[in-house]
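Visitor: I should like to understand how the terms used for a protein model are justified. May we go through them one at a time?

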Amino acid sequence: MKVILPEHIGEITLGQFQQYHEISDNEVDYSHKKKVISIFCNVDENLIDQFPSKDIESFYDQIMKALKQDSEFQQTFNFNGIEFGFHPNLDQMKGAEWGDLMNYHNDIKNYHRVMAILYRPILEKDSFGNYKLIDYNGTSEYAETMKQFPLNIVNGVMVFFYNLAKELEAYILKFTNKAQQKEQTLLNTLNVGGGMQPLSV
């Protein structure tokens, strides 16, 4: 039989990765490798018993290699004839969007719902690339579609948020250091003043 192996992370779907995550903590033995090949190659586990052992090892290694490939953030992309866009202004998220994002973002099992919040079909687009998404009405309409999204799109979003978090952390650290420097300057001034207290206003 013909087995189609993912050679690139873009050939793996979010749904497949969610299935893989359910077993990823298992011991990497023959049974585990069969499950992995079954998930990513859409092959019944029982049939894999008939594969040559060297092919099983090769298939498993190729899948792991594809999973580890880097991904870049994509603002827009076409999927099944529909152009999807990333939320154009996270600062302007509505309460329903933000609330759902906070409820779902911590669990990989809900990543298809996270994607349904962050990516939606583009309603209109101008010549400068600015666009408007369809209104948010919960995740149910597109959540299952998101399970078919290429994993590189999903990972690109995670990289985006990771970098955003790092920038925020650096900003907070910089702000904290400046505040500490100001406090130290005030203490030094008080010490030099021989016990004098600053004038209260």
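Visitor: Which residues lie nearest the centre of the second largest pocket?

Guide: In this predicted model, they are His87, Arg120, Lys132, Leu133 and Asp135, and the full lining has 13 residues. The pocket holds about 220 Å³ of space. Strand β4, residues 131-133, contributes the most to the lining, with 3 residues.

Visitor: What classes of residue make up the lining of the second largest pocket?

Guide: The lining has 5 nonpolar, 3 polar and 5 charged residues. For instance, Lys132 lies near the centre of the pocket by the ranking above, and Lys counts as charged.

Visitor: What makes an enclosed space a cavity and not a pocket?

Guide: In a cavity a 1.4 Å probe fits but cannot get out, whereas a pocket is an open set of points. With a threshold of 30 Å³ or more, the count is 1 cavity. The largest cavity has about 70 Å³ of space. Its lining consists of Ala116, Arg120, Ile134, Asp135, Tyr136, Asn137, Gly138, Thr139, Glu141 and Tyr142. By class, these are 4 nonpolar, 3 polar and 3 charged residues.

Visitor: Why is Pro150 called buried?

Guide: The relative accessible area of Pro150 is 19%, and buried means under 20%. Pro150 is therefore classed as buried. Its place is in the loop between α7 (143-146) and α8 (151-192).

Visitor: With which residues is Pro150 in contact, leaving aside its neighbours within four places in sequence?

Guide: Pro150 is in contact with Gly10, Ile12 and Phe79. Contact requires heavy atoms within 4.5 Å. The C-alpha atoms of Pro150 and Phe79 are 9.2 Å apart, although 71 residues separate the two in sequence.

Visitor: Why does Glu57 count as partly exposed?

Guide: Glu57 has a relative accessibility of 36%. Partly exposed covers the values between the limits of 20% and 50%, so Glu57 belongs to that class. Glu57 lies in helix α4. From Glu57 to Lys34 there are 23 residues in sequence and 9.7 Å in space, C-alpha to C-alpha.

Visitor: How do you know that helix α1 is largely enclosed by the rest of the structure?

Guide: Helix α1 spans residues 14-23, and 7 of its 10 residues are buried, so the helix is largely enclosed. The buried residues are Leu14, Gly15, Gln16, Phe17, Gln18, Tyr20 and Ile23.

Visitor: What makes a group of residues a nonpolar core?

Guide: The members must be buried residues of nonpolar kinds, such as Leu, Met, Tyr and Phe, joined through side-chain atoms within 4.5 Å. The largest such core has 47 residues, among which Leu67, Met115, Tyr119 and Phe149 touch the most other members. Helix α4, residues 53-67, gives the most to this core, with 7 residues. In soluble globular proteins, nonpolar side chains tend to be buried together.

Visitor: Which residues does Tyr119 contact, beyond its neighbours within four places in sequence?

Guide: The contacts of Tyr119 include Phe73, Phe77, Phe84, Phe86, Met146, Phe149, Ile153 and Val157. Gln74, Gln75 and Gly85 are also in contact with Tyr119.

Visitor: How many helices and strands does the protein have?

Guide: The protein has 8 helices and 4 strands. Their order from the N terminus is α-α-α-α-β-β-α-α-β-β-α-α. Of its 201 residues, 34% count as buried.

Definitions and conventions:
Residues are numbered from 1 along each chain as its sequence is written. This is a predicted model: local features need pLDDT of at least 70, side-chain atom pairs count only at pLDDT 80 or more; totals for chains, interfaces and linings use all residues. Side-chain values use heavy atoms; hydrogens and water are left out. Helices (H or I, at least four residues) and strands (E, at least two) are DSSP runs, numbered from the N terminus. Buried means under 20% relative accessible area, exposed over 50%, partly exposed in between (1.4 Å probe, protein chains only). On a 1 Å grid over the protein atoms alone, a cavity is a set of points where a 1.4 Å probe fits but cannot get out, and a pocket is an open set with protein on both sides within 12 Å along at least five of seven lines; lining residues have an atom within 4 Å of a point. Grid points are joined across faces, edges and corners, and a volume is the space filled by probe spheres set on the points.
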